[in-house]
Amino acid sequence: VEHRHVVAGNGGRQLRRRRQLSHADRYACAEEFMMVVKALWDSWADDAVTDDRASGQYARADRIRPINHKGRCNQVTGPLNMPRCPQGRPVLVQAGSSDTGRRFAARHAEAVFTAHMDKASARAFYVTLKALAAAEGRSPDKVIILPGLSPMVASTEVEARRLARELNELSAPEVGRKRLSGRFGGHDFSRLPLDRPLGSVEAARSRTEVILSLVRREKPTLRQLLASLAGARGHFTVAGTPQQIADLIEDWFTDGGADGFNIMPPLLPAMLDVFSAEVVPLLRQRGLFHLLCGQDPARTLRARLAGQRLECIAAFASFGRGGCRSGDAKKLRRSRTRQFFLHLQLCNF
Amino acid sequence: VVARGSADAMDGFARAIFARSTHIAVGAPRFAQVTDFAARHVSTMNRQLHLNLFIHSRGHHEASWRHKGSSPLALTDIRYYQDLARRAEHALFDSIFLADQLALGEDAAQAAGAWLEPVTVLAAAAVATSRIGMIATASTTYSEPFNLARQFGSLDHISNGRVAWNIVTSWLATAAGNFGGAGN
């Protein structure tokens with residue numbers, strides 16, 4: 001997610017020609033690339049393959065068409081040499097935070113990965129991208145925004161912090177220094193003392209704004225800064241109890257900063273397991289995650305990203321009809337919302 | 001095809017329920033309370049949290065690879081990725097994600113930053129799972145559209161419709177050196 005610095009264009013023989021293009025033209029090439037790829041995926045109709053042994057017809061020629069694309073950056077005749085895939089077109093995801101990247105995401109992406117170290121910046125990104133998607137004539141909720149979150153989870157906050165410190169102490173400062181230097185256009189940090197608070201730092205790119213605002217806000221030493229970047233390369237890292245992590249997720253999710261999260265466990269598989277066993281149940285109890293629908297049937301990723309609501313509403317339709325078990329009275333909370341959530345769980349939709 | 005068709009049908013069904021509950025709320029006071037509740041809560045319930053597992057090295061902390069608590073498997077062992085995919089699927093995550101780089105990092109001697117090619121890994125993860133989505137990074141800069149459409153199309157067939165492409169329109173300068181350029 002951190003490698004989007006240099007060129008946009010294309011590969012192979014055509015790449016060399018395209019390298020001569022200006023910056024704006026390279027993005028035009030990326031747009032053209034998308035057009036070609038989509039056309040190739042669409043070059044076979046859903047019902048093109050008949051696979052009919054008796055008649056000897058495998059596919060209907062009139063349901064497969066060439067794309068005959070002749071553009072500035074690509075010349076592709078098509079069609080694709082493969083029947084249409086189950087989703088028609090695979091789901092499109094993007095990780096763009098530059099201006100051009102955001103516009104590109106607003107045009108094409110169904111899910112977006114993004115990096116923010118605080119909720120305010122996540123909210124600003126969220127609002128901007130949803131508005132850009134709407135301006136492209138797309139429904140804003142068809143673009144799912146997933147900020148990165150790297151949670152160190154333990155039964156107490158002290159233990160979570162101890163674990164984070166343990167990992168930081170295993171980091172080699174030179175590695176972090178080199179990486180930081182890469183982010184700041186090759187700036188040499190080798191003379192900077194590790195343990196004195198940082199003053200002003202000048203940056204070359206917008207992507208480094210995240211780091212700059214952290215330096216301004218918290219005035220860390222270089223060692224502290226490297227430690228906070230070592231966690232997840234500029235993504236949001238947090239150490240705490242399951243309760244604290246769930247609170248944070250709920251807060252960003254309900255306060256317009258995220259539609260979900262790109263979970264980046266600091267330690268694999270251990271921190272994934274702790275997250276799944278301790279944080280996920282809290283999210284379910286709060287009605288934020290799969291409360292509804294019990295076991296998830298096999299289906300496409302696109303349906304999964306867009307369609308969970310369908311089962312919820314179907315489940316809702318049976319609410320209040322006295323179906324399913326009435327539930328354990330002790331488990332029932334007073335609020336109707338809780339009752340409804342419990343109903344869904346008991347009904348096992 | 002069938003799956004797509006029925007999803008569309010359900011979309012219509014869902015809209016119908018929405019329309020009906022609004023209508024009843026207006027027309028029938030006895031039902032109004034229940035449907036009012038629907039109107040208020042369906043919108044919040046509708047919005048379900050999405051979780052993606054980003055798989056990177058033995059964890060996202062740069063020192064995770066040497067921590068005693070991380071996986072003992074080699075980072076070139078496919079079982080490591082298949083196992084993580086299964087765990088995420090079991091926890092009801094929507095998807096797993098693999099990023100990519102087209103050049104060896106400068107810190108390769110001290111960081112576990114060399115990895116398997118993502119599309120290949122996801123093909124193996126696809127056959128080890130049945131529900132979870134899978135997202136791989138690929139570049140428009142260093143791929144031909146025909147190759148890319150074919151790779152992700154194949155992955156979508158192999159996984160039965162669970163694949164996404166993370167579009168990267170640009171890349172590290174060092175990668176150019178591996179594709180006939182001098183690096184930028």
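Which residues line the second largest cavity? I looked this up at the start, and the lining is made of A:V93, A:A111, A:F113, A:L146, A:L301, A:L305, B:H50, B:L51, B:N52, B:D94, B:S95 and B:I135.

**Ground rules**

I am working from a predicted model, in which local features need pLDDT of at least 70 and side-chain atom pairs count only at pLDDT 80 or more, while totals for chains, interfaces and linings use all residues. Residues are numbered from 1 along each chain as its sequence is written, chains are lettered from A and ligands numbered from 1 in the order in which they are written, and side-chain values use heavy atoms, with hydrogens and water left out.

**Cavities**

I took a cavity to be a set of points, on a 1 Å grid over the protein atoms alone, where a 1.4 Å probe fits but cannot get out, and lining residues to be those with an atom within 4 Å of a point. Grid points are joined across faces, edges and corners, and a volume is the space filled by probe spheres set on the points. Counted this way, I find six cavities of 30 Å³ or more.

The largest cavity holds about 130 Å³ of space. It is lined by 14 residues, and the closest to its centre are B:I55, B:Y81, B:L98, B:A99 and B:W115. I noted that β1 (50-55) and α4 (118-126) of chain B are the elements that give two or more residues to this lining; helices (H or I, at least four residues) and strands (E, at least two) are DSSP runs, numbered from the N terminus. Sorted by class, the lining of the largest cavity has twelve nonpolar, two polar and no charged residues, where Ala, Val, Leu, Ile, Met, Phe, Trp, Tyr, Cys and Pro count as nonpolar, Asp, Glu, Lys and Arg as charged, and the others, Gly among them, as polar.

Returning to the second largest cavity, I read its space as about 70 Å³. For the lining listed at the top, which includes A:V93 and B:H50, the elements giving two or more residues are β6 (111-114) and α11 (301-306) of chain A together with β1 of chain B. The largest share, three residues, comes from β1(B), and by class this lining has eight nonpolar, three polar and one charged residues.

**Strands of chain A**

I next followed β5 (residues 91-94) of chain A, where A:V91 and A:V93 on one side and A:L92 and A:Q94 on the other are all buried, buried meaning under 20% relative accessible area, exposed over 50% and partly exposed in between (1.4 Å probe, protein chains only). In a regular strand the side chains alternate between the two faces of the sheet.

Which strand of chain B does β5(A) join? It is β4 (residues 163-168), which runs parallel to β5(A) and is joined to it by four bridges, with A:V91 opposite B:A164; two strands pair if DSSP finds at least two bridges between them. β5(A) also pairs with β6(A) in the parallel sense over two bridges, and there A:Q94 stands opposite A:V112.

From β6(A) I moved to β7 (residues 144-153) of chain A, which pairs with β6(A) in the parallel sense over four bridges, A:T114 standing opposite A:P147. Ten of the ten residues of β7(A) are buried: A:I144, A:L146, A:G148, A:S150 and A:M152 point one way, and A:I145, A:P147, A:L149, A:P151 and A:V153 the other way.

**A residue in β1(A), and a helix**

Is A:D51 buried or partly exposed? A:D51 lies in strand β1 (residues 49-52) of chain A and counts as partly exposed because its relative accessibility is 46%. Leaving aside residues up to four places away in sequence, A:D51 touches A:Q57 and A:Y58, contact meaning heavy atoms within 4.5 Å.

In helix α7 (residues 209-218) of chain A, I list A:V210, A:I211, A:L212, A:L214 and A:V215 as the buried residues. Just after α7(A), A:K219 takes a positive phi of about 40°.

**Chain totals**

For chain A, I recorded 13 helices and nine strands, with 51% of its 349 residues buried. For chain B, I recorded six helices and four strands, which run α-α-β-α-β-α-β-α-β-α from the N terminus on, and buried residues make up 53% of its 184 residues.

Technical notes
1 Å grid on protein atoms, 1.4 Å probe; cavity = no way out; pocket = protein on both sides within 12 Å on 5 of 7 lines; lining within 4 Å.
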